[in-house]
Amino acid sequence: MLTEFTGFSALAELARIVTVADPPVVDHWEHVERRFRGWAGRPGLRERLRGHLRALSPQDEMRVVARSRETTTHFAWCLRDEPAEPFTFWLHEYKPQRDWRPGYADSIHNHRYHFCTIILSGSYLHERFTADVADDGREILSTTLLRSAEAEEGASGTMLAHEFHRIPKAADDTITFLVKSRAVRPWSLSYDPDTRTSHRHVPVEARLEVLTNNL
């Protein structure tokens, strides 16, 4: 089928596949996970995504760059963000380990959204944790390691917004592809087990009113 080889239509195809008939999609994430695994497991995923990037117009390239961002451990490239869709598509390009700075993927953290992911190249150490969270949900009090495993090229997985994990190390040139839901929580939390320090992360777009009031 043409959709298997054309970048734009391949992502449009994935959007159609993971859309649920009975919204909201965050209440049916097992459907997204099942469909994502089937789509991402087909041969030629890297070629389809590469085709998408090569087919971008100059205007579309600017849009991708504008909605992407750099973190202390990786570059997060947003490939598709259609306002009417309840999810977004991303590539995460991990920096060489020597260039990592503490505090992002390597911290114990959750996310404001659910996501599914597959490793396109490279590998990383993936650790899952339970977390004792304060009653107001604003602080992690302690964490316990559940399991630790090396995830290789082709491995896929899912994280829900209330789950905690970290990636303490990744091979150079590791790249992952992700489907993220829209935010289901107003903030995320991270925790440093060495210093027992917890941080709450509120996205900048939610702080405009705070900024206005602080002026």
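Here is a walk through this structure, from its sheet to its pockets and then its loops.

Before we start, keep in mind that this is a predicted model, where local features need pLDDT of at least 70, side-chain atom pairs count only at pLDDT 80 or more, and totals for chains, interfaces and linings use all residues. Residues are numbered from 1 along each chain as its sequence is written, and side-chain values use heavy atoms, with hydrogens and water left out.

Let's begin with the sheet. You'll see labels like β5 and α2 a lot: helices (H or I, at least four residues) and strands (E, at least two) are DSSP runs, numbered from the N terminus. Here, 6 strands make an open sheet, and if you step across it you meet them in the order β1-β2-β3-β10-β5-β8, with antiparallel pairing. Two strands count as paired if DSSP finds at least two bridges between them. At the edges sit β1 (69–70) and β8, each of which pairs on one side only. Take a look at β5 and β8: they pair in the antiparallel sense over 4 bridges. Here T117 stands opposite G157 in β8.

Helices pack on this sheet too. Helix α2 (residues 29–40) touches β5, β8 and β10, and its direction makes about 20° with that of β5. Contact here means heavy atoms within 4.5 Å. As for the angles, axes are lines fitted to C-alpha atoms, for helices over the stretch in contact, and angles run from 0 to 180 degrees between N-to-C directions. Helix α4 (residues 58–67) lies across β1, β2 and β3, and it runs at about 135° to β2.

Now find β11 and β12 (residues 197–201). These two strands pair in the antiparallel sense over 5 bridges. One pair to look for is L189 with its bridge partner R200 in β12. Together β11 and β12 form a hairpin with 4 residues between them, and R196 in the turn has a positive phi of about 55°. R196 is a residue other than glycine, so its positive phi is one to note, and at 68% relative accessibility R196 counts as exposed. On this scale, buried means under 20% relative accessible area, exposed means over 50%, and partly exposed is in between (1.4 Å probe, protein chains only).

Next, the empty spaces. Rolling a probe the size of a water molecule over the atoms shows where empty space is left. On a 1 Å grid over the protein atoms alone, a pocket is an open set of points with protein on both sides within 12 Å along at least five of seven lines, and lining residues have an atom within 4 Å of a point. Grid points are joined across faces, edges and corners, and a volume is the space filled by probe spheres set on the points.

The largest pocket has a volume of about 690 Å³. Of the 26 residues that line this pocket, R69, Y104, R112, Y113 and P203 are the closest to its centre. Elements that give two or more residues to the lining are β3 (87–94), β10 (175–181) and β11 (188–192). Our hairpin strand β11 gives the most, with 3 residues. Sorted by class, the lining of the largest pocket has 9 nonpolar, 10 polar and 7 charged residues. For that count, Ala, Val, Leu, Ile, Met, Phe, Trp, Tyr, Cys and Pro are nonpolar, Asp, Glu, Lys and Arg are charged, and the others, Gly among them, are polar.

The second largest pocket holds about 450 Å³ of space. It is lined by 32 residues, and the closest to its centre are T117, Y124, H126, H165 and I167. Several strands give two or more residues to this lining, among them β5 (115–121), β6 (123–133) and β9 (164–170). By class, the lining of the second largest pocket divides into 15 nonpolar, 12 polar and 5 charged residues.

Finally, visit a few loops. Between α1 (7–18) and α2 lies P24, and the peptide bond from P23 to P24 is cis, with omega near 5°. D27 lies in the loop between α1 and α2 as well, and at 53% relative accessibility D27 counts as exposed. In the loop between β9 and β10 you'll find D173. Phi of D173 is near 70°, a positive value in a residue other than glycine, and D173 is exposed, with a relative accessible area of 62%. Last comes G44, in the loop between α2 and α3 (45–54), which counts as partly exposed at 29% relative accessibility.

Note on methods:
On a 1 Å grid over the protein atoms alone, a cavity is a set of points where a 1.4 Å probe fits but cannot get out, and a pocket is an open set with protein on both sides within 12 Å along at least five of seven lines; lining residues have an atom within 4 Å of a point.
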